[in-house]
Amino acid sequence: MLEKIIEVSKQAGEIIRGGYRKDFGIEFKTNKSDLVTEIDKRSEKLIMDFIKKEFPTHGILSEESGSFSKDAEYIWVIDPLDGTTNFAHGLPIFSVSIGVVRNGETIAGVVYDVMRDIIYSAEKGSGAFEGENKMHVSSNGDLEQSLLVTGFPYDIKSNPSHVIERFNAFLFEARAVRRLGSAALDFCYVASGIFDGFWEVVLNPWDIAAGKLIVEEAGGKVTNFNGKEIDIFSKQILATNGIVHEKMERILQRFQD
Ligand code: IPD
Ligand code: CA
Ligand code: CA
């Protein structure tokens, strides 16, 4: 199945690359910061058509179209374009994220880093890979030497959720903090050892399904801000190399939402 997920992720990536910095329709979702483009929808249609043809009994949960056959044994959880704001403005940081979930757990996950043409992948129990190469999280345990990443929710103006306070706290505790704009890539860059940790206050199942497995299979740890195990429906996410995890938890817990 992993080969099939990789195949369709690359096909979706081709659509996205083809639309990059071209004219495409843009609509607002919940507010003027929350966008969906014609390319998000074309990528999603390609992936959903592929699943219906190749795996007709499987269910789907996809960002722009919702849920189909939700009681199926296998559910494909899809973000057809993660990093839409970057894409819409021509910033080349975005991805396709697909996780296949069985009994609530991701068994295979793929994130396609579209502009770098890199496939990040993992199967439960078989390790995580960047292309053909096995990946491992960083071995750094010193927060002062850590490069961290986070993301901001689209409803931040009405629901600030201590986003700025937490960002501020990590600016003082870590070497540096980044905000890239594609949660799926944030996970993969933790898995490949670029970032030592990633936190975000509100994510969706399609942001988490592939990335969580990829981090765990690369030897990292993924929980909520209290160190509790999570599933793809949890909102809060803390994904790290495992070594800086508790240090990050303590800082995140200074603020109660
Ligand atoms: C968003 C990105 C972003 C994160 C947001 C997500 P989208 O996904 O992953 O990095 O901060 O929370 O909603 O809307 O570009 O698919
Ligand atoms: Ca997303
Ligand atoms: Ca998306």
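How many Å separate the centres of domain 1 and domain 2, taken over C-alpha atoms? In this predicted model, the answer is 20 Å. With that distance in hand, let's walk through the structure, starting with the two domains and ending at the metal ions.

The domain assignment of the protein chain places domain 1 at residues 2-134 and domain 2 at residues 143-252. Where they meet, 38 residues of domain 1 are in contact with 23 residues of domain 2. Together the two domains bury about 2300 Å² between them, and carbon and sulfur atoms account for 63% of that area. On the domain 1 side, three residues are worth finding in your viewer: D82, I93 and Y120 supply 18% of the area that domain 1 buries against domain 2, more than any other three residues.

What kinds of polar pairing cross this interface? The count of salt bridges between domain 1 and domain 2 is zero. Polar contacts, on the other hand, link 13 residue pairs across the interface of the two domains, counting pairs with both residues at pLDDT 80 or more. Several elements give two or more residues to the side of domain 1 that touches domain 2, among them strand 3 (59-62), strand 5 (74-82), helix 3 (84-89) and strand 8 (118-123). Strand 7 gives the most to this side, with seven residues. Sorted by character, the residues on the side of domain 1 that touches domain 2 comprise 14 nonpolar, 15 polar and nine charged.

Now for the metal ions. Which residues coordinate the calcium ion (ligand 2)? The donors are D79 (OD), D82 (OD) and D207 (OD), at 2.1 to 2.3 Å. Along the sequence, these donor residues of ligand 2 are spaced D-x2-D-x124-D. D79 and D82 fall within the bounds of domain 1, 2-134, while D207 falls within those of domain 2, 143-252. D82 will already be familiar as one of the three residues that supply 18% of the area that domain 1 buries against domain 2.

The calcium ion (ligand 3) has its own set of donors: E63 (OE), D79 (OD) and L81 (O), at 2.2 to 2.4 Å. Their spacing along the chain is E-x15-D-x1-L. You will have noticed D79 in both sets; this residue bridges the calcium ion (ligand 3) and the calcium ion (ligand 2), which lie 3.8 Å apart. To see the pair on screen, centre the view on D79, which coordinates both ions.

Definitions and conventions
Residues numbered from 1 in each chain as written. Chains lettered and ligands numbered in written order. Predicted model: local features only at pLDDT ≥ 70, side-chain atom pairs only at ≥ 80, totals over all residues. Heavy atoms only, no water. Domains from an automatic or database assignment. Contact = heavy atoms within 4.5 Å. Buried area = accessible area lost by both parts, 1.4 Å probe. Salt bridge = Lys/Arg side-chain N within 4 Å of Asp/Glu carboxyl O. Polar contact = N/O pair within 3.5 Å; in protein donor to acceptor, adjacent residues only side chain to side chain. Helix = DSSP H or I, 4+ residues; strand = E, 2+ residues; numbered from the N terminus. Nonpolar A, V, L, I, M, F, W, Y, C, P; charged D, E, K, R; others polar. Donors = N, O, S within 2.8 Å, 3.2 Å for Na, K, Ca; no water.
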